[in-house]
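I opened this notebook to record a handful of look-ups, taking one region at a time and writing down what I found for each.

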Amino acid sequence: MPKAASPSSAFQHVLDETDEEIVGWHWTGSDEFSALDDRRDAPPVPLPPLDRSTRVVLVRHGQSTWNARNRIQGSSNFSVLTEKGMEQARAANKLLEGWNFTRLFHSPLKRAAQTAEIVWGGRPGASSQLASLREIDLYSFQGLDKIENRQKYPEQYVTWQSNPAHFIIDNHAPVRELWYRASLAWREVLGVGGSSNGSASGSGSSAGQADGATLVVAHNAVNQALLCTALGLPPAFFRRFSQSNASFTVLDFEVQGSQESGRSSGSSSSSAAGSSAGGSSTVGGSSAGGLRVRVERVNQFPDKPLNPSKLGKSLPNRLVLIAGSTDSPEVQASIQMLQSVGVTSPPLIGIGSAAQQALDIHTAMQAALSTPGDGRTVVAVACAEACQRMLGDCLGPVDPSALAEEQRLSAAQVGAAFCMAEGGMTIVNWPQGQSELGRGTVLCVNYQLPAAGLPLICT
């Protein structure tokens, strides 16, 4: 890895750091990243063509000191991992210990660099620090807590919460800039962009040219942008895919016609059709070289989904999709896990064609959203294709201005990009007051239970 502060000195800083360190700090119009000229309110650049299939695993850093204090970090570099954050990183290392990684990329910010060191675990191979993987640039918002932001920037704060793709601060559009920067990061991670915005160390094959997977350790917002730009989803999808501390998300870039196509997805039993990306920002666009992007899982975190500690003060309405057959041990293990965290709703069992199963789930979830009150959970066991269709419905149209038939097509293409293994759980939340089915927030996709005997899928 690039040389950084030793773990002992960095972790001691966790104990010594106080908020007084940033008293008087404010955005001055430039910082150490300004010279990179990557803060552009411009469309993402296409994914690069690849000569072989490859897998990329995105990991968010563990809890930081500012996460714990509910302070907005952005691309500032004051916060470091807490003791809990180090424990989360070690748990992620344990979950990924059987994976064959041959290349590491990580953000230059301390909280991500520390997580990368722990998760990488001394593996051989090349490692690179990429400035394009830093967290979203939030300018004058950085360093403030939510109460301070509401008081100091009331209008901007409302836009940031309700319509982040159109949020403007200090004459910058942070979310749209982030989408552009994430597309630049993909060119580096997939082995095209050289080393113009980072530093490298170690030895090993270039990303996209090795038999193993590539590990990327970064942040919440930039990992969302990496996932969405890979799928051709616009900045309006910001905050639609959760990225919990120390969680990981797996993407497979499959070169159509290659003998290796599909191999990188391991033993996944998904029937996902996938989505093309690269030549167009629209889901389903073709790319030179026939690149298809499949998402093997989203937000696999070290502890159980729906852990009571994750639920917060208010309970959202929720859909839990379990892919597979009710008599399979994997599905039964997932149902038992739900029961262990207090989800006792009897599951809706999919019957008939995939389209009919998805329609039945759609009807049940829409009824739950239309009923006054919150905290309702619909659990459904259905075939993989039905789960994919329903996920697409929950995400809604890529372009709301398109014709209804085009909206349905784009939603189906989005859902088909996600793998659904036997027993894999997909959880979608709707916050209080949200009754529109196509505005769900994805907690996880294809979450798997290693403790139940399900092997983590490795290359």
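Before starting on helix packing, I noted that contact means heavy atoms within 4.5 Å. I also noted that the model is predicted, and I read every entry below with that in mind.

Entry one, helix α12. I looked up residues 404-416 and found that helix α12 has 13 residues and reaches 18 Å from its first C-alpha to its last, which is close to the 18 Å expected at 1.5 Å a residue. I then asked which residues of α12 are buried. The list I obtained consists of S410, A411, V414, G415 and A416, and the buried residues of α12 pack against α11, which covers 384-395. For reading such a list I kept in mind that an α-helix has 3.6 residues a turn, so residues three or four places apart point the same way.

Entry two, cysteines. I asked how many disulfides the model contains, and the count comes to zero. For C387 I could follow the reason: its sulfur is 6.8 Å from the closest cysteine sulfur, in C383, and this is too far for a bond, because a disulfide requires the pair of sulfur atoms to lie within 2.5 Å. On accessibility, C387 counts as buried at 0% relative accessibility, and C444 is buried with a relative accessible area of 0%.

Entry three, S140. I located S140 in the loop between β3 (126-130) and α5 (146-152), and I wanted to know whether S140 is buried or exposed. S140 counts as buried, because its relative accessibility is 15% and the cut-off for buried is under 20%. Its side chain is joined to that of D170 by a polar contact of 2.7 Å. Once neighbours within four places in sequence are left aside, S140 is in contact with W27, Y153, I169 and D170.

Entry four, helices α3 and α4. I compared helix α3 (residues 83-95) with helix α4 (residues 110-120) and found that their axes come within 8 Å and cross at roughly 35 degrees. The contact is made by M86, A89, R90, A92 and N93 on the α3 side, and by T115, I118 and V119 on the α4 side. I recorded the crossing of α3 and α4 as right-handed.

Entry five, P329. I found P329 in helix α9, residues 329-340, where P329 counts as exposed at 61% relative accessibility. I also looked up its separation from G423: P329 and G423 are 94 residues apart in sequence, and their C-alpha atoms are 7.9 Å apart in space.

Note on methods. Residues are numbered from 1 along each chain as its sequence is written. This is a predicted model: local features need pLDDT of at least 70, side-chain atom pairs count only at pLDDT 80 or more; totals for chains, interfaces and linings use all residues. Side-chain values use heavy atoms; hydrogens and water are left out. Buried means under 20% relative accessible area, exposed over 50%, partly exposed in between (1.4 Å probe, protein chains only). Helices (H or I, at least four residues) and strands (E, at least two) are DSSP runs, numbered from the N terminus. The expected span of a helix is 1.5 Å times one less than its number of residues. A polar contact is a pair of N or O atoms within 3.5 Å; within protein, one must be able to donate a hydrogen and the other to accept it, and residues adjacent in sequence count only if both atoms are side-chain atoms. Axes are lines fitted to C-alpha atoms, for helices over the stretch in contact, and angles run from 0 to 180 degrees between N-to-C directions. A crossing is left-handed if the near helix is turned anticlockwise from the far one by less than a right angle, and right-handed if clockwise.
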